[in-house]
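User: Could you zoom in on one buried spot in this model and tell me what packs around it? After that, walk me outward through whatever else can be said about the fold, and flag where you'd trust it less.

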Amino acid sequence: MKCHYPTTTRKAQYETAGGLEGAVAKTAEDLYGRFTEAQAAAARALLLRLVAPGDGTPDTRRPAEREELQAAGRQETTEVLEALAAARLLTLDQGTVDLAHEALLSAWPRLRGWIDQDRDRVRVQRKLTEDAHAWAELGRDPGALYRGIRLATAQEHFSGAIREDLTGQEHAYLMASLAAREQEEKAAARTTRRLRGLIAALSLLLVLAVVAGSIAWRQTLASDEQRQVALSRQLAAQAASLLGTDSDLASLLAIRAYQAHPTSQALESLSAAADVPLRHRMDHGGRVAAVAFSSDGRTLVSGGEDGTARLWDADTGRTRVSPPGQSTPGTTMALAPDGRTLAVNGDDSLVRFVDTATGDIRARLVQQTGFVTVLVFSPDSGMVATSGSTREVELWDATTGSRLMSLPRQAGHVRSLAFSPDGRTLAISSSDRGVELWDTSTGRFEQSLPSHTNLVGTMAFSPDGRTLAISSSDRGVELWDTSTGRLRTGLTGYTAPAGSMVFSPDGRTLAIGSQDRTVRLWEADTGRLRRTLSGHAGQVIFLAFSPDGRTLATGRLGDDAVQLWDVPTSRFRTGLAGRANNIPSLAFSPDGHTLAASDDDAGVKLWDASTGRLRTSLAGYNGGAAALAFSPDGRTLATGSAARGVELWDASTGDGRRNLPGFNGKVRALVFSPDGRILATGGEDRTVHLWDPLTGRSRGSLSGHSGAVVSAVFSPDGRILATGGEDRTVHLWDPLTGRSRGSLSGHSGAVVSAVFSPDGRILATGAEDGTVRLWDTDTTWDPAVGAMLARLAGHTDAVLSVAFSPDGRTVVTASRDHSVRLWNLALPTPTAAISKICRAIGRDLTAQERSVYLPGPGTPPHATCDGP
């Protein structure tokens, strides 16, 4: 007679028992306590056959045929099987037996102890069962029998009680393997006796010698390859650490890393080095004091401290002409904006004007008094402003050297002078009056900018003359409105004084040479950092943009070289400023006509993307959704949240269709397969779940991440599912079989976004480390080489979204740093990258660099830029 208890009573007992796991464990333990000793032994053997022990992964259930369980040789097996099934601990389905609850594996301490105690033995038994079955299917083929270590392992585990723990088939297979081994040993013994003798012994020794030599040769090759792989990774790591401080050395080490072995680390460092926008380095032959471009931008003129000038082809970096005139050593120099005249304050304290084309002295300053410490040309190259020991600011005719006017004497030393683009205004910074603006045609004072508490160093006008950039030791760099005298903006995060400053011709970019040996490019309208050019060996003291603004020439303190940089680099295209705070969950329908948006207060609403009008709201959905996804046909919207799990909705009416059960924790990722037959979900349970969206049934789960799954994407053909996690890895899965296709590592933060290229050959992943990595999904990966194509760096915060253009040539990234960036995917091949680097640097590793970074016999002897 069955007893029926009230619902509230059963619920209370259920909760007291600890929920499902506690109830299952209690039922199992109670039933086990009623077994006889023989039944208990049979129960243990039976249950262990229904377990698949994990190897670094959780243990799982193993369905087995009832015939297999009853053939294990114990009389009590049938009784125990029926008892466990009656207690709903096992399920019987057409001859198949399985554990009714996955929780039984972890919740029942006794079974957990059996598994842990006999884990190795159970693994061997599972393998023995499979191999015995295969042997039987092959008609008991002797070639399928155990031999060697596998036979020894099986014999070790089952030699004591074979008949009791094995089925008849398993026992027969093991006995046949032992008999075959005995026969083989006897045959080997007979063969050995026949081969005795001198000739046989000599032949055997010869064979052994050849085999040993072959093995040693292969081991040598393997060892050499391992050394090269290790060297490649070491050099790549050193190149990555030096890229921000010494880009030349870092680039050469990246080439060496790739030449040693094309590991993924080497490819990454080579790509990063090729992305450095250095185009050419020109050796002036002496310390450089000034540079200027010609009006057409094709020629660069460099002026040295010795008064010499060099004319360079800006496209090739080659010398066009070195004027043959006499050199005029000096301490203060300035190059006219048109590049035709070099003003030099000589060792005799006299200022001379040198023709850069011929080297001849054109003119000298007439009536010069005192020595000059500050010297600057007007934008039209027709006027020169000077100041020095007399503390007066004087204006001179650059053609004749005659004085045009003198401005009132300053009480303090003049630190810097700057002409406005039209030459009508001269900015003067002195140690006592801060910054003052003067009219160069009348010599009248115009206005002063608010005084700085410390010395003003460098100044630069924007091309339209409306903005004056001022560098000081107390305020860093600030941009001032010259018409109102008001501060426009400061440079975000920049507090150090600038060594040199110059605006790009369009006025959008301000280049600053710093004492930290870098050149920073800033957005002039927002004051945000755009890019840093690193690798200078000293403070950058002069800068010059080409007329088209695409090339920047730089020179550093005490150096003989001039460097040319690509301002719009070959990879980064543009940056769009925007807000990225408090963005809700968003999803566009496949046709782009509908936008689904989640709000913590208003629930989930569907909007017309073209008109901005509300189409519908999800019925009864309160609170926000952490993830949204449309089906490929746009008819179904999937939502995921911690409170409601995963739900499917009619996108046209907003009515709910079904709930997908079984979620523990917050849902972080949702994605439909391209054919709409699979919905993949991921979240804080570290598992990827696959669902049939039509029936709501589970299609399996994928385990492998050690952290929350926060991103997921299908390849265009649906054959690959890529998932990113907080464990900083990307896992690739076959969604049809559930098998892993590999994992990708390299990010130093959670992988929060991922997308495939339209052709499915490239996977782009964005992470909280601010980088985007491009992976090759179209090749078979060598673990030593990897599959990474490139690393895109530039964002200063997490990359929240990544998208490809329809033609696959451009990647768009959105970041928490409030910016959107477009990247050109015309990635150079390793050969092209090496060629670009070698052309730009124009040197090899020095002897000292070789001794530090390439010691030992494994170092390739060839020159870096002449290697393979």
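Analyst: Let's start at S177, which is in contact with L145, Y146 and L151 once its neighbours within four places in sequence are left aside. Keep in mind that this is a predicted model. S177 sits in helix 11, and it counts as buried because its relative accessible area is 0%, where the cut-off for buried is under 20%.

Helix 11 runs over residues 168–194, and A180 is part of it too. A180 counts as buried because its relative accessibility of 12% is under the 20% limit. L145, one of the contacts of S177, turns up again here: the C-alpha atoms of A180 and L145 are 7.9 Å apart, with their positions 35 residues apart in sequence. So for S177 and A180, the relative areas of 0% and 12% both put the residue in the buried class.

Next, helix 8. It covers residues 119–137 and holds V124. With a relative accessible area of 16%, V124 is also under 20%, so it is buried. Leaving out residues up to four places away in sequence, V124 touches T153, A154, H157 and F158. There's a C-alpha distance to go with that: V124 and R150 are 26 residues apart along the chain, and 9.0 Å separates them in space.

For contrast, have a look at L487 in strand 26, which spans residues 487–490. L487 is partly exposed because its 44% relative accessibility falls between the 20% and 50% limits. Its partners beyond four places in sequence are E478, L479 and W480. T467 is 20 residues away from L487 along the chain, and their C-alpha atoms are 9.4 Å apart.

Now the backbone, where two residues deserve a glance. Most residues other than glycine have a negative phi. Q94 isn't a glycine, yet its phi is positive, at about 50°. You'll find Q94 in the loop that links strand 4 (90–93) to strand 5 (96–99), and with 79% relative accessible area it is over the 50% mark, so it is exposed. R686 is the other one: again not a glycine, again with a positive phi, near 65°. The loop between strand 44 (679–683) and strand 45 (687–691) is where R686 sits. R686 counts as partly exposed because its relative accessibility is 47%.

What about empty space inside? The cavity count is five, taking those of 30 Å³ or more. The second largest cavity encloses about 60 Å³. Its lining is made of Q368, T369, G370, F371, V372, T386, S387, G388, T390, E392, E394 and W396. Strand 16 (383–388) and strand 17 (393–397) each contribute at least two of the lining residues, and strand 16 gives the largest share, with three. Sorted by class, that lining has seven polar, three nonpolar and two charged residues; the charged ones are E392 and E394.

Stepping back to the whole chain: it has 868 residues, 49% of them buried, and its secondary structure comprises 57 strands and 16 helices. Take the contacts between residues at least 6 apart in sequence, and 47% of them join residues at least 24 apart. The accessible surface totals about 41900 Å², and carbon and sulfur atoms account for 49% of that.

Finally, the trust question. Mean pLDDT for the chain is 78, with 81% of the residues at 70 or more. By element, the highest mean belongs to strand 48 (residues 721–725), at 94, while strand 34 (residues 572–577) has the lowest, at 32. Residues 1–9 stay under 50, and the model gives them one contact beyond four places in sequence. Residues 782–786 are below 50 as well, though this stretch has 13 contacts in the model beyond near neighbours in sequence. If you're picking places to be wary of, strand 34, residues 1–9 and residues 782–786 go on the list, on the predictor's own confidence.

Conventions: Residues are numbered from 1 along each chain as its sequence is written. This is a predicted model: local features need pLDDT of at least 70, side-chain atom pairs count only at pLDDT 80 or more; totals for chains, interfaces and linings use all residues. Side-chain values use heavy atoms; hydrogens and water are left out. Helices (H or I, at least four residues) and strands (E, at least two) are DSSP runs, numbered from the N terminus. Buried means under 20% relative accessible area, exposed over 50%, partly exposed in between (1.4 Å probe, protein chains only). Contact means heavy atoms within 4.5 Å. Accessible areas come from the Shrake-Rupley method with a 1.4 Å probe; for residues, only the protein chains shown count as cover. On a 1 Å grid over the protein atoms alone, a cavity is a set of points where a 1.4 Å probe fits but cannot get out, and a pocket is an open set with protein on both sides within 12 Å along at least five of seven lines; lining residues have an atom within 4 Å of a point. Grid points are joined across faces, edges and corners, and a volume is the space filled by probe spheres set on the points. pLDDT is the predictor's confidence in each residue, from 0 to 100.
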